[in-house]
Structure formats: structure tokens, C-alpha cells
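User: Could you take a close look at the largest pocket for me, please? I'd like to know what lines it and what lies around it.

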Amino acid sequence: MKELLQTLTDRYPALLSCRKDIEASAQRIGDSFARGGKLLIAGNGGSAADAEHIVGELMKSFVLPRPLDASLMERMRKIDPQRGALLAQHLQQGLPAIALDGHPALSTAFQNDCEPQLVFAQQVIGYGQEGDALLAISTSGNSENVLYAAIAAKAKGMAIIGLTGARESRLSALADTCIRVPATETYQVQELHLPVYHALCMMWEKRFFGAG
């Protein structure tokens with residue numbers, strides 16, 4: 001972890017100011033994965049795109065190979081030799097992560113029938129369990145639908161990790177750990193969010209799939 005953090009801050013010296021929070025966030029969410037938990041991710045606009053991006057890095061290989069367990073591959077081959085062989089050859093281990101901005105049928109139904117601002121919170125109620133984690137992404141730290149999701153997650157006993165801009169916010173006050181990158185303009189905040197979450201994904205991948 002420390003090696004990856006050093007690489008991150010060498011490349012982006014501005015992120016030295018939030019190094020401790022990045023490290024704490026990596027540990028907290030990594031511990032959730034280790035206990036069998038999952039990561040829910042909420043964000044709007046560019047942050048929604050970031051949520052999907054993070055899921056893509058976690059649910060398949062990012063930098064390191066992630067072969068399936070040999071016993072699982074063998075069970076697949078026994079069930080169906082031809083298809084099982086293809087599954088064993090191509091499937092990879094993943095870290096369970098769900099971006100809450102997707103699921104258009106659910107989202108539009110809930111927005112139409114209930115309360116639009118609570119669409120992320122509804123998914124937290126449906127997916128979230130005690131010991132899971134919520135990564136709440138908001139450049140301002142004050143996005144209402146993200147805050148509602150964080151409140152629901154905290155009530156369920158989930159860890160709350162914020163990823164915001166530099167200013168203190170309602171999300172930074174609510175989160176267990178908040179990574180406040182040193183920028184305030186939305187596009188500049190988002191430019192710094194990307195190397196942060198890439199580093200986090202590499203840390204988790206190395207922890208769970210690294211050699212030794």
C-alpha cells in the first residue's frame with residue numbers, strides 16, 4: 001500500500017494533503033471486502049461515470065491477473081466439459097462492487113412512484129448489509145441524493161467513505177473517512193478523483209490477488 005501511495009503522490013504532489021485519508025479509505029474498504037462485504041458507489045454526472053469506472057476496475061482484472069480457484073474451474077468442467085473449459089479459461093475473480101447510477105428501470109420507477117432524491121438510498125436499503133461499504137462521490141460534498149444514500153448506509157451499519165473536493169461539507173461530516181482532494185472547481189476535482197480511485201483499486205487488487 002505504501003509503495004502505491006508513494007507512486008501516487010510522486011506523480012500528483014497535490015494529493016499529499018489527503019494521503020492519510022486515502023490510506024485509511026483503502027484499509028476500511030479492503031477490510032470490508034476481506035469480511036465478504038461489497039462496495040456500493042453513488043455519484044451524479046461525472047461522478048456517476050467515475051462510479052461505473054471503479055466497478056469496471058474491481059469486477060475484473062485491472063493490473064494483475066486474477067485466475068479462478070482451481071477447484072471452481074474443475075467443477076465447471078465437470079458440469080459441462082466444453083462450456084466449463086471456456087468459463088475456466090476466461091473468467092476472472094472480482095471484488096464485488098455495484099454502481100448505483102445504473103438500473104434505469106428501477107431508478108425511473110422509483111423516481112416516478114416515490115421520491116426522486118432517494119433513488120440511491122433505496123438501492124442501499126435493497127443491496128446494503130452491515131459490514132458493506134459505500135463510496136459516496138460528490139465534488140461539492142453536498143449532493144442531496146448522495147447524502148440520503150450515506151444516511152441510509154450508516155443506519156445499516158455500513159462504512160461510509162466520501163470522495164469530494166477540498167471544502168468541508170455535509171458529506172465530509174457524515175463519512176467515516178473523507179478524501180478531500182485539493183481543488184474546488186468541479187472539473188479540477190474530478191481530474192484528481194481519477195488518480196485517487198485508480199490507486200485505491202490497485203491497492204485492493206494487490207491485497208487480494210498479489211503474489212504472496
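Analyst: Happy to; here is the pocket, then one of its lining residues, then the sheet.

This is a predicted model, in which local features need pLDDT of at least 70 and side-chain atom pairs count only at pLDDT 80 or more, while totals for chains, interfaces and linings use all residues. Residues are numbered from 1 along each chain as its sequence is written, and side-chain values use heavy atoms, with hydrogens and water left out.

The largest pocket holds about 170 Å³ of space. A pocket here is an open set of points on a 1 Å grid over the protein atoms alone, where a 1.4 Å probe fits, with protein on both sides within 12 Å along at least five of seven lines; lining residues have an atom within 4 Å of a point. The volume is the space filled by probe spheres set on the points, which are joined across faces, edges and corners.

Helix H1 (2-11) and helix H10 (186-209) each supply at least two lining residues, and H10 gives the largest share, five. Helices are DSSP runs of H or I with at least four residues, and strands are runs of E with at least two, numbered from the N terminus. Among the lining residues are Leu4, Arg11, Tyr12, Pro195 and His198.

His198 sits in H10. Its side chain makes a polar contact with that of Glu57 at 3.2 Å; such a contact is a pair of N or O atoms within 3.5 Å, one able to donate a hydrogen and the other to accept it, and residues adjacent in sequence count only if both atoms are side-chain atoms. Beyond neighbours within four places in sequence, His198 is in contact (heavy atoms within 4.5 Å) with His53, Glu57 and Phe62.

H10 also lies across strand E1 (39-42), E3, E4 and E5, running at about 140 degrees to E4. Axes are lines fitted to C-alpha atoms, for helices over the stretch in contact, and angles run from 0 to 180 degrees between N-to-C directions.
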